[in-house]
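Dear colleague,

Please find below the structure for your review. I would be grateful if you could read the notes that follow with the model open beside them.

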Amino acid sequence: MGRETVFIGFGSNVGDRLDFCDRAVTLLSLLPHSQLLGVSLLYETEPVNDHAQPGDGWFLNGVVQIETDITPNSLLTILREIERALGRDEENRSGPRTIDLDILFYGQRIIDEPDLAVPHPRMHQRRFVLMPLNELDPLFLHPSLQRTVSQLLAEAGKQPEVRLLFPQPSTRYGSRPACSQSPGS
Ligand code: AMP
């Protein structure tokens, strides 16, 4: 199977959000048979999802672009393991999130399985996903909607509020030394 370009969204709204995002990006940069191609800036998003509870903080969100040989289902398993390793509370999945990881795009593939839908079914409505995606690849085509990321962003509603985190962290997370960059790995 050939390498595919994959975009993974990450978000955290509890505890040391920056550290959770940093750890998640670092782990994603270490995936075998993969290469980290890019990491977006960080965005802050108002928590207005259906299950938001009083006291939930603003989310930190961003997107990672990788190139990988890992199959979509294996990647999903790995993302769940990273979520678990970073302490997501499985008993209260809609509550505060130490880290949430979503497969947004897997190349131009369309996957519709009970536990995996790609492109992520709500991504085209979410500015906290579209803004970082637009930084990384504005012309990437949504395979089922046949619209580019920048078109989807222009069409998305303005709520909830999403703003660039300012200042951005001084250390570029994901830039820790051990990124898997060995050719052919
Ligand atoms: P959530 O609690 O919203 O993070 O949902 C996590 C669950 O959504 C996972 O256990 C997956 O089975 C399912 N899921 C379906 N499509 C995707 C996707 N594209 N990326 C990540 N999880 C997905």
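The notes below cover the overall fold, one helix and the surroundings of the ligand.

Please bear in mind that this is a predicted model.

The protein contains four helices and eight strands. Read from the N terminus, these elements follow the order β-α-β-β-β-α-β-β-β-α-α-β. The protein has 185 residues, of which 37% count as buried. Among contacts with a separation of 6 or more, 71% are made by residues 24 or more positions apart.

Helix α3 deserves separate mention. This helix spans residues 127-136, and because eight of its ten residues are buried, it is largely enclosed by the rest of the structure. The buried residues are R127, F128, V129, L130, M131, P132, L133 and N134. They pack against strands β1 (4-12), β3 (43-45), β4 (59-68), β5 and β8 (162-164), as well as against helix α4 (149-155).

Turning to the ligand, eleven residues surround it, and D102, I103, D115, A117 and H120 come nearest. By class, this shell consists of five nonpolar, five charged and one polar residue. Helix α2 (72-85) and strands β5 (100-106) and β7 (116-118) each contribute at least two residues to the shell. Strand β5 therefore appears in both parts of this account: the buried residues of α3 pack against β5, and β5 also supplies residues of the shell around the ligand.

Yours sincerely,

A colleague

Note on methods
Residues are numbered from 1 along each chain as its sequence is written. This is a predicted model: local features need pLDDT of at least 70, side-chain atom pairs count only at pLDDT 80 or more; totals for chains, interfaces and linings use all residues. A residue is near a molecule or strand if its C-beta atom, placed from the backbone, lies within 6 Å of it. Ala, Val, Leu, Ile, Met, Phe, Trp, Tyr, Cys and Pro count as nonpolar, Asp, Glu, Lys and Arg as charged, and the others, Gly among them, as polar. A residue is buried if 20 or more other C-beta atoms lie within 10 Å of its own, exposed if 12 or fewer, and partly exposed in between; C-beta atoms are placed from the backbone. Two residues are in contact if their C-beta atoms, placed from the backbone, lie within 7 Å.
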